[in-house]
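Biologist: I should like a close look at the charged side chains of this protein and at the parts of the chain they join. Please begin with one pair, and then set that pair in its surroundings.

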Amino acid sequence: MIKQALPLRIPYLAVIGSLMLVPSLAAAELPDWAPKPPPRVAEDAIRAEVLVFSAGFDTRVRVDESLENPGTEISAEDDLGLDDAKILGQAELTLLPGEHHLLRLNGMSIQRSAQKNIESEIVFDDEVYEAGERVDSELNLTMVGLTYGYRFIARDRGELTATFGVQVADVESNAVVRSRVVRDAESGVAPLPTVGFEGRFDFSSRWSAEGRVQYLTAEIDEVEGSILDWRFALAWRKNSHLLFGLGYRSFTVEVDSQDEDTPGFVDMSIDGPLLFVRASL
C-alpha cells in the first residue's frame, strides 16, 4: 500500500507547485508574441465631461470718457450689487485622434444682474450716476473654447500635453437708471489665444492627479491684456470608462486700454472648487 501511495502524491505536489508559480509568471515580462493584458485606463477616442463650478467673482471696471477724463473705478460686486458667488455648469468634449493628438471643445456661460441704490457718484464713460440713484445693472459673459494638444508623453500611468487654444469671449454689460432714462450698454466679442500644458499621473489603479494651465499676455497697439486659466484636481476612477473628480479652478482676465477710442480697464477673476464626471469611450 505504501508503494502505491507515493506515485499518487507526486502529480498532486506538481499541480500545487505549478499553481504557486502562476503569480510569478504573470508578473514576469511577457514575450513579444504573447497577448498583452488590457490597459488599466482605456485607450479612449472620446472623453465627455460635465463640470459643476462653485465660482467666486471679483470684477473691477473703469470706463473712461477719454484719456484726459478717467471714469470711476468700481467693483461690480460691491458697488453695483452683482453676485459675488454662483454655481456654474460647464461641458466639454475631447477627441483623441491617435496616440499623440488632442482636440477639445468647451463652453461656459455666466449671467449676472442686480438692482441697487448706489452709495457714491459713479462716472461711467460719458454718463454720471448720482449717489442714491437706483441702478439696474447686468454683466454677462459667454465663452466658447477650442484647444489643440500634442501628447508627447502618453502612457498607461500618465500623460503630458502641450496645448494651444482660442477662447472666444462674448461680453455684454448694461447699467440703467430708470428714473432719468439713463442707459449705458456695452458689448463685444474677442478671441483670446492661449498656450499651456496639462498632465495626469496615476497613483494607483483608482486614484490620480491632473492639472491644466493656459496663459497668454500680449500688447497690441495701446491695449495690453493677459489671461490665465488653471485647474488642479484629484480623481477617482470607477472603471476604465468612468471617472469622478474634485478640484479647484481659477480664471483671470486683465485688459488695460490706453487707446483713445476705448480707454479704461477690466480686471475679472473667477475661482472656486469644482466637481466633475468624465466618461471615456
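Biologist: Within this protein, are both Arg104 and Glu92 buried or exposed?

Modeller: Both residues, Arg104 and Glu92, are buried. The model is a predicted one, and every value below is computed from it.

Arg104 and Glu92 form a salt bridge in which the closest N and O atoms are 3.4 Å apart. This pair links distant parts of the chain, with Arg104 in strand E4 (residues 101-117) and Glu92 in strand E3 (residues 85-95), twelve residues apart.

The background to this pair is a fold of one helix and 13 strands. Read from the N terminus, the order of elements is α-β-β-β-β-β-β-β-β-β-β-β-β-β. The protein has 281 residues, of which 36% are buried. When contacts between residues at least 6 apart in sequence are taken, 62% of them join residues at least 24 apart. The protein exposes about 16600 Å², and 62% of that area is supplied by carbon and sulfur atoms.

The count of salt bridges comes to 16. One of them is formed by the side chains of Arg278 and Glu49, at 2.9 Å from N to O. Here, too, distant parts of the chain are linked: Arg278 belongs to strand E13 (residues 264-280) and Glu49 to strand E1 (residues 46-63), with the two positions 229 residues apart in sequence. Why does Arg278 count as buried? Arg278 does so because its relative accessibility is 9%, and the class of buried residues lies under 20%. Glu49 is likewise buried, because its relative accessible area is 3%.

Strand E1 also contributes Arg60, whose side chain meets that of Glu73 in a salt bridge of 2.6 Å, N to O. Glu73 lies in the loop between E1 and strand E2 (74-75), whereas Arg60 is in strand E1; the two are 13 residues apart. Neither residue of this pair is classed as buried: Glu73 is partly exposed because its relative accessible area is 44%, and Arg60 counts as partly exposed because its relative accessibility is 31%.

Some charged residues are joined in a wider arrangement. A network of salt bridges links Arg47, Arg151, Glu159, Arg200 and Asp202. Arg200 has a C-alpha atom separated by 9.9 Å from that of Arg155, although the two residues are 45 apart along the chain. Arg155 lies in strand E7 and is exposed, because its relative accessible area is 66%.

Strand E7 (residues 134-155) also holds Ser137. In contrast to the exposed Arg155, Ser137 counts as buried because its relative accessibility is 5%. Beyond residues up to four places away in sequence, Ser137 touches Leu80, Leu82, Arg112, Ser113, Ala114, Asn174 and Ala175. Arg112, Ser113 and Ala114, among these contacts of Ser137, fall within residues 101-117 of strand E4, the strand that carries Arg104.

A group of acidic residues is found at the surface. Glu219, Asp221, Glu222, Glu224 and Asp256 form a negative surface patch. Of these, Asp256 is placed in strand E12 (residues 242-257). Asp256 counts as partly exposed because its relative accessibility is 36%.

Trp230 lies in strand E11 (residues 223-239). This residue counts as partly exposed because its relative accessibility is 32%. Apart from residues up to four places away in sequence, Trp230 touches Arg212, Val213, Tyr248, Arg249 and Ser250. From Trp230 to Val213 the C-alpha separation is 4.1 Å, with their positions 17 residues apart in sequence.

A further acidic residue, Asp125, is notable for its backbone. Its phi is near 60 degrees, a positive value in a residue other than glycine. Asp125 sits in the loop between strand E5 (122-124) and strand E6 (127-129).

To return to the pair in question, Arg104 and Glu92 are both buried and joined by a salt bridge, as are the buried Arg278 and the buried Glu49, which are joined likewise.

Technical notes:
Residues are numbered from 1 along each chain as its sequence is written. This is a predicted model: local features need pLDDT of at least 70, side-chain atom pairs count only at pLDDT 80 or more; totals for chains, interfaces and linings use all residues. Side-chain values use heavy atoms; hydrogens and water are left out. Patches are made of residues with over 30% relative accessible area and no salt bridge: like charges are joined within 9 Å, nonpolar side chains (Val, Leu, Ile, Met, Phe, Trp, Tyr) within 5 Å. Accessible areas come from the Shrake-Rupley method with a 1.4 Å probe; for residues, only the protein chains shown count as cover. A salt bridge is a side-chain nitrogen of Lys or Arg within 4 Å of a carboxyl oxygen of Asp or Glu. Lys and Arg count as positive and Asp and Glu as negative; His and the chain ends are not counted. The place of a charge is taken as NZ of Lys, CZ of Arg, CG of Asp or CD of Glu. Helices (H or I, at least four residues) and strands (E, at least two) are DSSP runs, numbered from the N terminus. Buried means under 20% relative accessible area, exposed over 50%, partly exposed in between (1.4 Å probe, protein chains only). Contact means heavy atoms within 4.5 Å.
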